[in-house]
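Thanks, everyone, for making the time. I would like to talk through one structure this morning, starting with a pair of helices and working outwards from there, so please keep the display open while I speak.

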Amino acid sequence: MAEAAGNQEAKDYGIGVPQKTEGFFLKGSGHLDWGMKDRLSRVFNPKSGRTVMLAFDHGYIMGPTSGLERMDLTITPLIPYADCLMCTRGALRQIVPPTSNKPVALRVSAGSTILTDLNDECVMDIEESIRLNACLMAAMVAIGGKFEALTIRNLTQLIDAGNRVGIPTLGVNAVGKELVRDARYLGLATRVIAENGAHVVKTYYCSPGFEKVAAACPVPIVVAGGKKLPELEALQMAYEAIDQGAAGMDMGRNVFQAEHPVAMIQAVRGVVHDNLKPKAAFDLYQTIKNKKK
Ligand code: R5P
């Protein structure tokens, strides 16, 4: 019970010592509110400034993709090694144990599949992201595609709603078949997504010129893995992306379709958080893969 009288006198005012005002480690995020920064600090490791997101939201447009047929069997063993889980609300509720306590980049846009016209999407109500404790809301943004205007509207709608409640938005650069994934296009797309207010942008790696894409994007970029590559090549791509300014990987198929997914995600972590060179990361992959159970 608080007392009005008889309390120890307050005297440690630190007169003359300026109050500490911490900066914030993430690019372009210094002026965000506390809740946003808290969520971003769960997604990105404040020590390395980077993240390894495990993407397994493919089913919402592709159905039971290879490696995701039984997510309870293939994805749950990977969860402990991910910094953040990128998934749909279906997968989250169906297979992710809430006790895993991992930050979630929730896929909140949907509307079409690979059988029709991709990116003809709408976005979920903000209440669902609050209910599911999302740390990022992920939406497709089809710059240069048929649904460019619609998906930019979706993005701004999400950002407005997220800004009201402190949930940051991840703009996903959806590259249509007709577009070339070069530095010119990716630079334009990522910049447009960031300037529309996205707090994080997800895009693809390109060579040459990725360092320009990353430099001209005023918020952190995370890089998708794309189609399955041999493990050493995927690690090489991750290394180059990080070395040239990406703040993390948002990898799916190159992890869960790897010969040994648990080893692969740890090798990707080595690249992202410990600056391992591709060969060293591949050695780590082999060592974990060959360990006796
Ligand atoms: C893209 O928007 C998908 O939803 C995936 O999250 C993304 O492509 C990352 O997965 P992957 O590394 O398999 O490309």
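Let me begin with helix H11, residues 261–274, and helix H12, residues 278–290, which pack with their axes 8 Å apart and at an angle of about 150°. Angles over 145 degrees count as roughly antiparallel, and H11 and H12 are therefore roughly antiparallel to each other. Before I go further, please bear in mind that this is a predicted model.

The crossing in which H11 passes H12 is right-handed. On the H11 side the contact is made by Val262, Ala263, Met264, Gln266, Ala267, Gly270 and Val271, and these meet Ala281, Phe282, Leu284, Tyr285, Ile288 and Lys289 of H12. Sorted by class, that contact holds ten nonpolar residues, two polar ones and one charged one.

Now bring in a third helix, H9, which covers residues 231–243 and packs against H12 at an angle of about 135°, the two axes being 9 Å apart. That angle makes H9 oblique to H12, and H9 also passes H12 in a right-handed crossing. Here Glu231, Leu232, Leu235, Gln236 and Tyr239 of H9 meet Pro278, Ala281, Phe282 and Tyr285 of H12, and by class the contact has seven nonpolar residues, one polar and one charged. If you compare the lists, Ala281, Phe282 and Tyr285 of H12 are named in the contact with H11 and again in the contact with H9.

How do the axes of H9 and H11 cross? They come within 9 Å of each other and cross at roughly 25°, which makes H9 roughly parallel to H11. This crossing, too, is right-handed. The residues involved are Glu231, Leu235, Ala238, Tyr239 and Ile242 from H9, with Met264, Ala267, Val268, Val271 and Val272 from H11, and they divide into nine nonpolar, no polar and one charged.

Let me turn to the strands. Eight of them form a closed barrel, in the order S1-S2-S3-S6-S7-S8-S9-S10, and the pairing is parallel. Neighbouring strands in this sheet are turned against each other by 25° on average, if direction is ignored. To take one pairing in detail, strand S2, residues 84–87, and strand S3, residues 104–107, run parallel and are joined by three bridges, with Leu85 standing opposite Val104 of S3. Elsewhere on the barrel, helix H6, residues 148–165, lies across strands S6 (136–141) and S7 (169–173), and runs at about 165° to S6.

Two loops deserve a look at the backbone. In the loop between helix H4 (89–95) and S3 sits Asn101, whose phi is near 55°, a positive value in a residue other than glycine. In the loop between strand S8 (200–203) and helix H8 (210–215) we find Pro208, and the peptide bond leading from Ser207 to Pro208 is cis, with omega near 5°.

Finally, the ligand. Which of the 13 residues around the ligand come nearest? They are Ala55, Ala224, Gly225, Gly252 and Arg253. The elements that give two or more residues to this shell are strand S10 (248–251) and helix H10 (253–256), and S10 is also one of the strands of the barrel. By class, the shell has five nonpolar, five polar and three charged residues. I am happy to go back to any of these views.

Methods: Residues are numbered from 1 along each chain as its sequence is written. This is a predicted model: local features need pLDDT of at least 70, side-chain atom pairs count only at pLDDT 80 or more; totals for chains, interfaces and linings use all residues. A residue is near a molecule or strand if its C-beta atom, placed from the backbone, lies within 6 Å of it. Helices (H or I, at least four residues) and strands (E, at least two) are DSSP runs, numbered from the N terminus. Ala, Val, Leu, Ile, Met, Phe, Trp, Tyr, Cys and Pro count as nonpolar, Asp, Glu, Lys and Arg as charged, and the others, Gly among them, as polar. Axes are lines fitted to C-alpha atoms, for helices over the stretch in contact, and angles run from 0 to 180 degrees between N-to-C directions. Angles under 35 degrees count as roughly parallel, over 145 as roughly antiparallel, 65 to 115 as roughly perpendicular and the rest as oblique. A crossing is left-handed if the near helix is turned anticlockwise from the far one by less than a right angle, and right-handed if clockwise. Two residues are in contact if their C-beta atoms, placed from the backbone, lie within 7 Å. Two strands pair if DSSP finds at least two bridges between them.
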